[in-house]
Amino acid sequence: IRCWSNIPFLTVPLSRAHGKSFAHRSELKHAKRIVVKLGSAVVTRGDECGLALGRLASIVEQVSMLQNQGREMMIVTSGAVAFGKQRLRHEILLSQSVRQALHSGQSQLKDMAIPVLEARACAAAGQSGLMALYEAMFTQYSICAAQILVTNLDFHDEQKRRNLNGTLHELLRMNIVPIINTNDAVVPPPEPNSDLQGVNVISVKDNDSLAARLAVEMKTDLLIVLSDVEGLFDSPPGSDDAKLIDIFYPGDQQSVTFGTKSRVGMGGMEAKVKAALWALQGGTSVVIANGTHPKISGHVITDIVEGKKVGTFFSEVKPAGPTVEQQAEMARAGGRTLAALQPEQRAEIIYRLADLLTDQREEILLANKKDLEEAENKGRLALPLLKRLSLSTSKLNSLAIGLRQIAASSQDSVGRVLRRTRIAKALHLEQVTVPIGVLLVIFESRPDCLPQVSALAIASGNGLLLKGGKEAAHSNQILHHLTQEALSMHGVKDAVQLVNTREEVEDLCRLDKLIDLIIPRGSSQLVRNIQKAAKGIPVMGHSEGICHVYVDADASVEKVTRIIRDSKCEYPAACNALETLLIHRDLLRTPLFDQIIDMLRVEQVKIHAGPRFASYLTFSPSEVKSLRTEYGDLECCIEVVDSVQEAIEHIHKYGSSHTDVIITENEQTAEFFLQHVDSACVFWNASTRFSDGYRFGLGAEVGISTSRIHARGPVGIEGLLTTKWLLRGDNHVVSDFSEQGSMKYLHESLPLPQRNAN
C-alpha cells in the first residue's frame, strides 16, 4: 500500500496472469477482453449540451459487432453531465418562460438568463437518460447492457473492490456489456494530477484513470481511449511541427510537449498518457485515437482491433530498426541528395549495382534458393508465382544488362530543359524535369523487381520505399544490401529503403504526407486493394493484364502461330501475356485455324470457348465463365468476331487497356486497328510480350501503366519525373505590365540547350 494526500493506492502488479501487453499492432486482433473509453468530447455535441447521437450509435454498432464475435466488451463512458445539462436547461427555460409570461409578459422572454448549472446536479439528472439511451441502442443488436457507477473509494476498499470485480466478471460471463462511469453526482471536485507522477500508483479521479484502473483490475487485453484528437502528437496538435506518434514507448514522455486539455472533460492528453502507461505496465495494451472524426469514427474501434494504423499505439517493445515513417523521411532526404548529384555520379551508382549483381550471383542465388524452399514447403504459392519468385544466372545477367542500359540513357534525365520562353525583356522562363519525390513500390514474388526499380529511382533522383512480399524476404534482403552498397559510393545510402517492419500495405497507403506516388507490382487483387486503400496518394499501374491478339482474315499463315505461341507460352505468368484470342469468322474450319488449335494443344494450353465460338462447335471446350479473365497460366479464351471493328469493340468492352495485337497483312486494316484501339500498347504483327520497358529500350520499367494521366504503357525513367518552372528576372513586378505600365509581354519561344548526344 502506498499513500498520497492521506489516500491509499494499490500498486500495479508488475506481472500479470494473462501475460504481457501486445508488442505489435498486428497482434491486437487476438484481444479477447477490451475496454473502450469514450471521452466527453466523443459523447457530447459541440455545444456541450446534449449527446452526439449519431456518433454514439456508430460506436455502439462497432462494440456490438466485436461482442458478437465472441469478445468481452466493456465501455467506460462520459456524457451524464452533458445529457443532464440539456435536460435541466430545458426545464429551467420552461419554468422561467411560464413565470415571466404570468408576471412580465412575452416581451421579457428574450432577456431570460440560464443560471450556471452545478456539474453534480447535471450528472444526477442525466445518468438515467444516458443509460436508457445505451440500452435502446444495444437492444437493436440483441445485446444487453448493464450500468455500473463507481467512485475512487470503490477501488480502495478491499471488499468493494472484490464485489466490483465479481460483478463485472459475472456480467461478462452472461454476455452483457458493462457500461461504467464515475458517479459524478457524489464525487469530490477534481484534484491535481500529482497522483499520476509515478506510473506505479493511480487513483480514480476522471474517466481516463477509471478506464486504466478497470483495465488492469480486469486483466484486460486492450484499452481503447477515444478522444477528439487523432492520437498523441510530439507537440500540441495544430502547431506547425506537430507529428502524430504512431507508437509510443515508456520513457518517451520527455520528447513530448503537452498542450491544454480537450474542450470538455476533466483529463487532458497528459493525463491520458500517464493513465495509458500505467495500464501498459499492468499488462494491458493501449491505443489512443480520434472518436469524433466523421470519416473514421464509424469504424475506428474495429480498425484498431484489426491492427490497422489508427491513433497512437503504446508498446513496451521498441523495434530494432527505424519506423516506416522514419524510413520515408530518410528516403526523401536521401533522394534530394541523390537528385543534386551530377548525372555521371548517378550513372556510376547504377553501373556499380549492375556489377554487383553478377559479382555476387552465388550469394543472391543462395538466398533465392532459401525463399523457394520455404515457399514449396509451405505450399502457399501457385506455380506462376513460384516462377516469378525464381532467380537464375541468366535472369541476373539480363538484369545487369538492363541496368547498364538505364545508366547509359539517364545522363540528362534530371534537370533537362523542356521549354524556354522570353516572357519580357530580361525575364526568362524555363520548364525543367525534376524527380517526383518519394516512391513507394509494393511488389509480390518478384525479387528481380528490386534492382530494376532501384536503378530507375536512382537515375531519376527519387527517394524509394520498397515493400516486398515475405515469400521473397531472403532475396530482397541481399538485393537491397547490394543496392545500398552501390549507393554508398556517393554517400546516398538512405535514398533506397526496404520496409521490413510488420506494416500492412493499407497502412503504408495512408502516409500521404510522406509518399508522393505508389507503384504496385503484383496480382490484380493487390493493385485493386492498393487503389482502394490509397487516399490522397496517386497510384500508377494496372489492375489487370487482359491482353488480346486479333487474327484478321488477311493474316499470314507463317506469322500467326509464331506470334500466338510467343504471346501465350513464352512466359504465361507475365501481365503482358495473351489471355484472349480473337479469330475472324472466315478463318473457322480453315487449315490456319487448325494449325492454331494444334499448336496450343502441343504447348498444353487449356482453351476456354467464348459464347460465339462455342456456338459454332458440336463438342466445344469448356465455355468461359467471364470474357474479362486474366489467367496468368497456360490457359486462354478463344472468341469469334466478324470484323476488325467488332474486334475493337470486344477489346474495349472486355479488355484492360494494357496490350492488344492485330495479325494481318492488310496495312489499311492494321492502321485502323492501331489508331482506334484505346490501350496503352497496340501492336501490328508482333507479340504482346514486347510490352516491356527493357524491350522498348527503357532499360527496365517500374511497371506498365494503363492510367491516362502522367505516364502510360511501360514506365521507365521519364515516367518517374515531373517538372517545375524556373523564372529568372531583374526587378520585375506585375504592375509594370498593366495598361499604364512600362513593359509588354513578349512570350517568345527560345531554343532549347543541346542535349547530350550520348
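Let's start with one pair of residues: leucine 440 stands opposite isoleucine 518, which sits in strand E16. This is a predicted model, and that pair is a good way into strand E13.

E13 covers residues 438-443, and 6 of its 6 residues are buried, so the strand is largely enclosed by the rest of the structure. In a regular strand, side chains alternate between the two faces of the sheet. Here, Val438, Leu440 and Ile442 point one way from E13, while Leu439, Val441 and Phe443 point the other way, and all are buried.

Which strands does E13 pair with? The table sets out its two partners.

| Partner of E13 | Residues | Bridges | Direction |
|---|---|---|---|
| E14 | residues 463-468 | 6 bridges | parallel |
| E16 | residues 517-521 | 5 bridges | parallel |

On the E14 side, leucine 439 has leucine 464 as its bridge partner. E13 and E14 also belong, together with helix H15, to a right-handed β-α-β unit.

H15 turns up again around helix H11. The buried residues of H11 pack against H15 (449-460), and also against H10 (324-340), H12 (361-378), H14 (393-409) and H16 (473-487). Which residues of H11 are buried? They are Pro343, Arg346, Ala347, Ile349, Ile350, Leu353, Ala354, Leu356, Leu357 and Thr358.

How far apart are the ends of H11? Its end C-alpha atoms are 24 Å apart, and that agrees with the 24 Å that its 17 residues (343-359) should span at 1.5 Å a residue.

Technical notes: Residues are numbered from 1 along each chain as its sequence is written. This is a predicted model: local features need pLDDT of at least 70, side-chain atom pairs count only at pLDDT 80 or more; totals for chains, interfaces and linings use all residues. Side-chain values use heavy atoms; hydrogens and water are left out. Helices (H or I, at least four residues) and strands (E, at least two) are DSSP runs, numbered from the N terminus. The expected span of a helix is 1.5 Å times one less than its number of residues. Buried means under 20% relative accessible area, exposed over 50%, partly exposed in between (1.4 Å probe, protein chains only). Contact means heavy atoms within 4.5 Å. Two strands pair if DSSP finds at least two bridges between them. A crossover is right-handed if, with the strands pointing away from the viewer, the path from the first strand over the helix to the second runs clockwise.
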